[in-house]
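Visitor: Please pick one part of this model and look at it closely. Then connect that part to whatever else can be said about the structure.

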Amino acid sequence: MQCKCCNREATNEYCGLHERAYANILRKFEIWKHAADLSWEQYLNEIVKNPFTGAWAKEVAERLLNNKE
Ligand SMILES: [Zn+2]
């Protein structure tokens, strides 16, 4: 299987690096949700716009925004 964000080998949806970035995004959303009244989509937009976001997390957030199911 191939990572949904890059061409690396993946065991699930993402490779190890993107999987970890995705887990961080989910974990931080739990905190943000309570601190700021942000929707999942607003939160993902914040991640993409934030200059301090790591490249991995940004790629995952962009993918999630572009693939709304
Ligand atoms: Zn990847």
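**Helix 2 and its surroundings**

Guide: K49 and E46 lie three residues apart in helix 2, so about one helical turn separates them. Helices here are DSSP runs of H or I with at least four residues, strands are runs of E with at least two, and both are numbered from the N terminus. The model is predicted, so local features need pLDDT of at least 70 and side-chain atom pairs pLDDT 80 or more, while totals for chains, interfaces and linings use all residues. Residues are numbered from 1 along each chain as its sequence is written, and side-chain values use heavy atoms, without hydrogens or water.

K49 and E46 form a salt bridge, with 3.6 Å between the closest N and O atoms; the term requires a side-chain nitrogen of Lys or Arg within 4 Å of a carboxyl oxygen of Asp or Glu. K49 is exposed, at 60% relative accessibility, whereas E46 is partly exposed at 33%. (Buried is under 20% relative accessible area, exposed over 50%, partly exposed in between, with a 1.4 Å probe and protein chains only.)

L44 also belongs to helix 2, which covers residues 40-49. In contrast to K49 and E46, L44 is buried, with a relative accessible area of 1%. Setting aside neighbours within four places in sequence, L44 is in contact (heavy atoms within 4.5 Å) with I25, A61, L64 and L65. Its C-alpha atom is 8.6 Å from that of K58, a residue 14 positions away along the chain.

Among the residues that L44 touches are I25, A61 and L64, and these three also take part in the contact between helix 1 and helix 3. Helix 1 spans residues 16-35 and helix 3 spans residues 55-66; the two pack at an angle of about 75°, with their axes 8 Å apart. Each axis is a line fitted to C-alpha atoms, for helices over the stretch in contact, and angles run from 0 to 180 degrees between N-to-C directions. Helix 1 and helix 3 are therefore roughly perpendicular, the label for 65 to 115 degrees; under 35 is roughly parallel, over 145 roughly antiparallel and the rest oblique. Helix 1 contributes L17, H18, A21, Y22 and I25 to this contact, and helix 3 contributes W56, A57, E59, V60, A61 and L64.

W56 can also be placed relative to S39, which sits in the loop between helix 1 and helix 2. S39 and W56 are 17 residues apart in sequence, with 21 Å between their C-alpha atoms. S39 is partly exposed, at 33% relative accessible area.

To return to charged pairs, the structure holds three salt bridges. Another is in helix 1, where E30 and K33 are three residues apart and so about one helical turn from each other. The closest N and O atoms of E30 and K33 are 3.2 Å apart. E30 is partly exposed at 41% relative accessibility, and K33 is partly exposed at 34%. K4 and E13 form a further salt bridge, with a closest N to O distance of 2.8 Å. K4 is partly exposed, with a relative accessible area of 41%, as is E13 at 34%.

The cysteines can be treated briefly. C3 is buried at 4% relative accessibility, and C15 is buried at 2%. With a disulfide taken as a pair of cysteine sulfur atoms within 2.5 Å, the count is zero.
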